[in-house]
Number of protein chains: 2
Amino acid sequence: MTSTPLTRSEAKDLTRRKLIRAALTILDEEGEAGLTTVKVAKAAGIAQSSFYVHFKDMQELLRVLAEEGGERLRASMREARRRAREAPGDLERHRETFRIPLEAICRHPELLRIQLRARHDPSSSLRDFARETAAAYRDHHAADLAALGYTADDERDRRRLEMIAEGINAATNALAMGHLEGRYPDLDEAADILTALSRGALRLLRHTSGRTAPGGGSGEVPPEP
Amino acid sequence: MTSTPLTRSEAKDLTRRKLIRAALTILDEEGEAGLTTVKVAKAAGIAQSSFYVHFKDMQELLRVLAEEGGERLRASMREARRRAREAPGDLERHRETFRIPLEAICRHPELLRIQLRARHDPSSSLRDFARETAAAYRDHHAADLAALGYTADDERDRRRLEMIAEGINAATNALAMGHLEGRYPDLDEAADILTALSRGALRLLRHTSGRTAPGGGSGEVPPEP
DNA sequence: AATTTCACCGATAGTACTATCGGTGAAATT
DNA sequence: AATTTCACCGATAGTACTATCGGTGAAATT
């Protein structure tokens, strides 16, 4: 085992990567309040003052973190849509539409946790990133629902589609968190629930756009058993 | 205009109330990171050091805040269920089940905002409070869904009901936040969306418990237009 | 009327963190 | 070989906040 000799710039880049990695871990485990230059530098194995060789301040590191996280999320989404399109039948496509985002979240759970925290925190530097991410997820879901057969023709239906997508997105996040916390061990079951939720909503949209699915319609009330 | 003369204990209690009120406002506007004894005391009109006459430390104030917030939320829930039960027909009850929680949230939006923030933040003193509140809301929704006609007979169905309730709850919070942010002006429309989402899920439950609603069933796929 | 209580005050020691600065030695360049 | 560059270091000034302490005057009690 001979240690590879690194050039100066390679060594610097390695330290930078270590800082970013350390920051992500601390952010996930202790939250934004626990993220200090002291802890990040120590975790990366350098002196606190050397932090400033790599970043102007903690804000800048957080900005980089948000950019890289955003890139990873976008890649996840592209991959998810590609795979969902590949599913053979309608049934499979519908189900994959909900299972794949759940899997994507579980592959990078820290990104969802950080996003959920930052989203409503007025003191968070990542607030904008979190809001943009949430909006992107919502639009992603809206596009997926549209791909399942529904097209919004007027103002009202577009708003409804957006609301449904936002609701489904929130439910997806909630079930993914529940899975990560160990309450819902089976991801497929979670995908089933999301499919069922969306089915009811799609029925509402079909009805309002002039078509009625068999047994559907907004005036219907489920019979008491 | 004669100023009422207060006894010493009345004056102390008034100051205490001012501190709690100030803390709630600062917590909502600036987040937990912005909540300091300096700011709270100043907003309540006393010296920073006098903060400790009323509370051992900031933790204790947050504990009191969580207790009072919890009480307010429980009262809201009781009221909501009472009103939902009073609705005349099945259709109205189903709809009220979703509209009333939305209204309850909008009456105390700061409590939801604070809860959503604290829930996933490992550094938050209010984390336990937020998690308990979320669990209470979920159980509340599960009970509401059960009251709409579904009873979970076995292990699997109980877990499914819990997942549906958690999903619906997350969607309710998301749409309420969207309403508070001005994106969804009409609360009734949000209630419609939630009703439609739940209808699909109830159908899934009916199916798995051996009954199939007209046109429903988990094997069905909506036709492409 | 004399005494006690206590909510509040200003001052301050202690803690945690940020961000700068001059110095150092090995890598890179000449 | 001589010189320059620069990633990193320890020390430290500055900032923000917590929590304690002795003092004060008006309310409460005797």
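**Two chains and two DNA strands: a walk through the model**

Helix H1 (8-30) of chain A and helix H2 (37-44) of chain B each supply at least two residues of the surface near DNA strand D. This is a predicted model, and I will start at the DNA.

Of those two helices, H1(A) gives the most to the surface near strand D, with four residues. In total, 19 residues surround DNA strand D. The closest are Ile46(A), Ala47(A) and Ser49(A) from one chain, and Thr7(B) and Ser49(B) from the other. By class, this surface divides into seven nonpolar, eight polar and four charged residues.

Now DNA strand C. Here helix H2 (37-44) of chain A and helix H1 (8-30) of chain B each supply at least two residues. H1(B) has the largest share, four residues. Again 19 residues surround the strand, and the closest are Thr7(A), Ser49(A), Ile46(B), Ala47(B) and Ser49(B). The classes are seven nonpolar, eight polar and four charged.

Let me stay with one of these residues, Ala47(A). It lies in the loop between H2 and helix H3 (51-54) of chain A. Is Ala47(A) buried or exposed? Ala47(A) has 10 other C-beta atoms within 10 Å, and the cut-off for exposed is 12 or fewer, so Ala47(A) is exposed. Ten residues away along the chain is Thr37(A), and the C-alpha atoms of the two are separated by 9.4 Å.

Next, how the chains relate. Chain B is superposed on chain A by a rotation of 180° with 0.0 Å of shift along its axis, with an RMSD of 0.1 Å. That is the relation of a two-fold axis. In chain B, the residue that comes closest to the rotation axis is Gly200(B), with its C-alpha at 1.8 Å. Both copies use the same surface: 100% of the contact residues of chain B recur in chain A.

On to the interface itself. There, 49 residues of chain B are in contact with 49 residues of chain A. On the chain B side, H1, helix H5 (90-107), helix H6 (109-119), helix H8 (155-180) and helix H9 (187-208) each supply at least two residues. H9(B) has the largest share, twelve residues. This side of chain B divides into 23 nonpolar, 13 polar and 13 charged residues.

Then the interior. In soluble globular proteins, nonpolar side chains tend to be buried together. In this model the largest nonpolar core has 108 residues, and those with the most contacts inside it are Leu175(A) and Leu175(B). Which residues is Leu175(B) in contact with, leaving aside neighbours within four places in sequence? From chain A there are Met163(A), Glu166(A) and Gly167(A). From chain B there are Leu102(B), Tyr184(B), Ala190(B), Ile193(B) and Leu194(B).

One helix deserves a separate look, H6 of chain A. Eight of its eleven residues are buried, so H6(A) is largely enclosed by the rest of the structure. Among the buried ones are Leu111(A), Leu112(A), Ile114(A) and Leu116(A), and also Arg113(A) and Arg117(A). The buried residues of H6(A) pack against H1, helix H4 (58-86), H5, helix H7 (127-147) and H8 of chain A, together with H6 of chain B.

Last, confidence. The mean pLDDT of chain A is 86, and 89% of its residues reach 70 or more. Over residues 207-225 of chain A, the pLDDT is below 50. Beyond near neighbours in sequence, that stretch has 34 contacts in the model.

Methods:
Residues are numbered from 1 along each chain as its sequence is written. Chains are lettered from A and ligands numbered from 1 in the order in which they are written. This is a predicted model: local features need pLDDT of at least 70, side-chain atom pairs count only at pLDDT 80 or more; totals for chains, interfaces and linings use all residues. pLDDT is the predictor's confidence in each residue, from 0 to 100. Two residues are in contact if their C-beta atoms, placed from the backbone, lie within 7 Å. A residue is near a molecule or strand if its C-beta atom, placed from the backbone, lies within 6 Å of it. Ala, Val, Leu, Ile, Met, Phe, Trp, Tyr, Cys and Pro count as nonpolar, Asp, Glu, Lys and Arg as charged, and the others, Gly among them, as polar. Copies are superposed by least squares on the C-alpha atoms of residues with pLDDT of at least 70 in both. A residue is buried if 20 or more other C-beta atoms lie within 10 Å of its own, exposed if 12 or fewer, and partly exposed in between; C-beta atoms are placed from the backbone. A nonpolar core is a set of buried Ala, Val, Leu, Ile, Met, Phe, Trp, Tyr and Cys residues joined through C-beta atoms within 7 Å.
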